Amino acid sequence: MVKEECKALLDALSKVTACYRHMVLTIGGTSDSQNLREELKKTRQKAQELAVANRNKLTAVLKDKSVSKEDKAEFERLWVIFSTCLEILEIDMRRALELGHEFPLNVPKKHLIQTGMSGGTSGVAARAMSIQNMKYEAEHNIDVVDLKDLENEINQVGEMMYEMEMKVSVPQWTVEAKQDPGAELKSTISVGASSIGMISVEENKSFCDISKILAGIIFSAVLIIAIVLAVCVVKLS
């Protein structure tokens, strides 16, 4: 039960962190706006809430000496994934802070990056927050006011990572992966293309049969030509 709860929390954190990274990349672009800055704030705060919940659950389990060896190995694997998510979140928060300073919304002289992308990010933010529609309530100067809060939250995430290392020691190189690198991508592709794959099986078989027949014909023709040439050489000599 605890293992499933930890996996669910970690899955939610991974999703929110990925959405946050997607939105950070649009700061300073043609899609940048006051709404985006508010979406970024709400999304990173959601990620931090999930991070605290993940930390509390995993720390309690990993410090529990009654956990079996197999379960502990699984929780250590989840801990490494959680730590990686936190590192990615901190990196993106620092990137958002830097871009926020570079591209304030209320300074018209500052040219935005022309990325070629268009459209809003409300759908991504709503997916991260697990809601249907985003509600915007921030002041018009959120792009300036929020930068100070962002700095404090970056420090909080850094402190959380430090405390985690002090409380639970799980070296990443000691944790074995349960799948080969890129297995998730391969499984996603295979699931998405399952219907196409079932249709193409018979086509591949028939194509292979035709290829074998053609190869046999070509080989026979080459052999016959070689024999004829050999006979001609013998007669001429």
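Rings of Phe, Tyr and Trp (its six-membered ring) form an aromatic pair if their centres lie within 6.5 Å; planes under 30 degrees apart count as stacked, over 60 as edge-to-face and the rest as tilted. This is a predicted model, in which local features need pLDDT of at least 70 and side-chain atom pairs count only at pLDDT 80 or more, while totals for chains, interfaces and linings use all residues. Residues are numbered from 1 along each chain as its sequence is written, and side-chain values use heavy atoms, with hydrogens and water left out.

**View 1. Trp-79 meets Phe-82 edge-to-face.** A search of the whole structure turns up one aromatic pair. Its partners are Trp-79 and Phe-82, 6.0 Å centre to centre, with 70° between the planes. Because they are three residues apart in helix 3 (residues 69-102), about one helical turn separates them. (Helices are DSSP runs of H or I, at least four residues, numbered from the N terminus.) Trp-79 is buried, at 3% relative accessibility, and so is Phe-82, at 0%. (Buried means under 20% relative accessible area, exposed over 50%, partly exposed in between, with a 1.4 Å probe and protein chains only.)

**View 2. Here are two cysteines, Cys-6 and Cys-19.** Cys-6 counts as buried because its relative accessibility is 2%; Cys-19, at 7%, is buried too. The whole structure has zero disulfides (pairs of cysteine sulfur atoms within 2.5 Å).

**View 3. Leu-214 belongs to a nonpolar surface patch.** Its fellow members are Ile-210, Ile-213 and Ile-217, and the four together have about 400 Å² of accessible area (Shrake-Rupley method, 1.4 Å probe, only the protein chains shown counting as cover). Patches are made of residues with over 30% relative accessible area and no salt bridge, with nonpolar side chains (Val, Leu, Ile, Met, Phe, Trp, Tyr) joined within 5 Å and like charges within 9 Å. A salt bridge is a side-chain nitrogen of Lys or Arg within 4 Å of a carboxyl oxygen of Asp or Glu. Leu-214 sits in helix 7 (residues 194-236) and, at 48% relative accessibility, is partly exposed.

Methods
Helices (H or I, at least four residues) and strands (E, at least two) are DSSP runs, numbered from the N terminus.
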